[in-house]
Amino acid sequence: MDFLQIRGRRPLSGSVTISGAKNAALPLIAATILAREKVAISNLPDVKDIQTLLKLLDNLGARFEYGQNRAVIDTSAIESTVAKYDIVRTMRASILVLGPLLARFGHCEVSLPGGCAIGQRPIDLHLKAMERMGAEITIKSGYVVARAPKGLRGTTIIFDKITVTGTENVVMAAALAQGKTTIINPAKEPEVTQLCRVLKESGVEIEGIESDELTIYGTGGEPIEMVNISVIPDRIEAGTYLCAGAITNSQITVRECEPDHLEAVIVKLMEMGFPVEKGDGEITIYPTEKIYPVEIITSEYPGFPTDMQAQFMALSLLADGTSIIEERLFENRFMHASELMRFGATIQLKGSIATVIGPTKLYGADVMATDLRASSALVLAGLAAEGVTNVHRIYHLDRGYERLEKKLQGLGADIVRLKG
Ligand code: EPZ
């Protein structure tokens, strides 16, 4: 199995170009199921999760060309609506085909995604919403079996808990439903906003984008003429590279990003003492004399993103004092803490709160990735550690970071991918 080998404590410099956002690309690819004609999607990140979802569409009978960060997808030839276990189990975001398949074809079977390292990851809110829109939902041998023979009908959906892919599933289902669907308490992540904007530009009437109440007027089952799409930049990738600059106390610039999507992350970096400058499509971080401890509570957008929690835990190891990190979205998203302790960190975990004692002198170690963002936190710690770090199980990283070691090499890091 591949692993990354890092020789730490090298200053970084220069700039890094950010790829398209995996979590925007996934719902947009699923949304092509709603389209009558071919759809071109550019600025796709070249990561495993994108290939997995395209493979799922292929299994359903869709046709596509894919390469150079671009796909042209034709779902008019879909002849199956069964999203099989062997694919769904490798990527739980496959659940995003549920809404569009049900809306377009009136039936589908999607393997239950199951949990993952960071939590049980239920989909009860997705299923309840589909039932509210008139679908009959049953669970049979590990599959969600959904039927809506008369099509889906618009209604009011209240999300007691904000769910990103749950909102995306309902928006896509509502686009082809009969009548008006109002979603109260939708997710407002930039990735959800791009999906809504693309559907609106494709002729679906949508009001209240980025607000707490989203209204979608469905086409009554008519497929849509989807516009061509360019995926928004990946705010989590951008935040991860800003943390790479911070943890090595270097000046670096992240380019082709959207600074407005990173407000909460930038504020926290500045609270820790790092000067940060926002430019047009780019952000520069500068070294600091002293790294201050930080208090972080993860929450839905525009709050501090849970997908940046692990990276900030790694950075807080160097802070001169005690940092407190509260993870409010997932019940088990501190798996990286025990791996960070192998570098010499002192981290106390109590329920959803991690207390990080700094500053710590980090020493390179063999560590194991457990989930996508935890893996990036281990790479960050390796960049700051004395000596050699080997990060194993980097298939987690390859799901969501395009050419990570190449981009870090471009910034001057001593990092190579080796065969284990
Ligand atoms: C999306 O996951 C992202 N994935 C995650 O990114 C991200 O961490 C998460 O949103 C939160 O921002 C994609 O967009 C593909 P949720 P999602 O539904 O939609 C609970 C990464 O690293 N919940 O917003 O699955 C759930 O258990 C990944 O790229 C229910 O209880 O997250 C969690 O506690 C990791 N019932 C909370 O809501 C449901 O039916 C938020 O989950 C659905 C969710």
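Helix 10 (residues 309-316) lies across strand 18, strand 19, strand 20 and strand 21, and runs at about 170° to strand 19. Keep in mind as you look around that this is a predicted model.

The four strands under discussion form an open sheet with mixed pairing, in the order 18-19-21-20. Strand 18 (295-297) and strand 20 (346-350) are the edge strands; each has a single partner, so one side of each is left without a neighbour in the sheet. On average, neighbouring strands of this sheet are turned by 15° against each other, direction ignored. Within the sheet, strand 19 (residues 322-326) and strand 21 (residues 353-357) run antiparallel and are joined by 5 bridges. If you would like a spot to zoom in on, Ile-324 stands opposite Thr-355 in strand 21.

Now to the ligand. It is surrounded by 22 residues, the closest being Leu-125, Thr-163, Thr-165, Asp-307 and Leu-329. That shell divides into 9 nonpolar, 5 polar and 8 charged residues. The table lists backbone atoms that approach ligand oxygen atoms.

| Residue (polar backbone atom) | Distance to a ligand oxygen atom |
|---|---|
| Pro-122 | 3.3 Å |
| Leu-125 | 2.7 Å |
| Leu-329 | 2.4 Å |

Taken alone, the ligand exposes 830 Å², and the protein buries 91% of that. Which elements give two or more residues to the shell around the ligand? They are helix 1 (22-31), helix 5 (124-132), helix 6 (164-175) and helix 12 (372-384). Helix 5 gives the most to this shell, with 3 residues.

Terms used
Residues are numbered from 1 along each chain as its sequence is written. This is a predicted model: local features need pLDDT of at least 70, side-chain atom pairs count only at pLDDT 80 or more; totals for chains, interfaces and linings use all residues. Side-chain values use heavy atoms; hydrogens and water are left out. Two strands pair if DSSP finds at least two bridges between them. Axes are lines fitted to C-alpha atoms, for helices over the stretch in contact, and angles run from 0 to 180 degrees between N-to-C directions. Contact means heavy atoms within 4.5 Å. A residue is near a molecule or strand if one of its heavy atoms lies within 4 Å of it. A polar contact is a pair of N or O atoms within 3.5 Å; within protein, one must be able to donate a hydrogen and the other to accept it, and residues adjacent in sequence count only if both atoms are side-chain atoms. Accessible areas come from the Shrake-Rupley method with a 1.4 Å probe; for residues, only the protein chains shown count as cover. Ala, Val, Leu, Ile, Met, Phe, Trp, Tyr, Cys and Pro count as nonpolar, Asp, Glu, Lys and Arg as charged, and the others, Gly among them, as polar.
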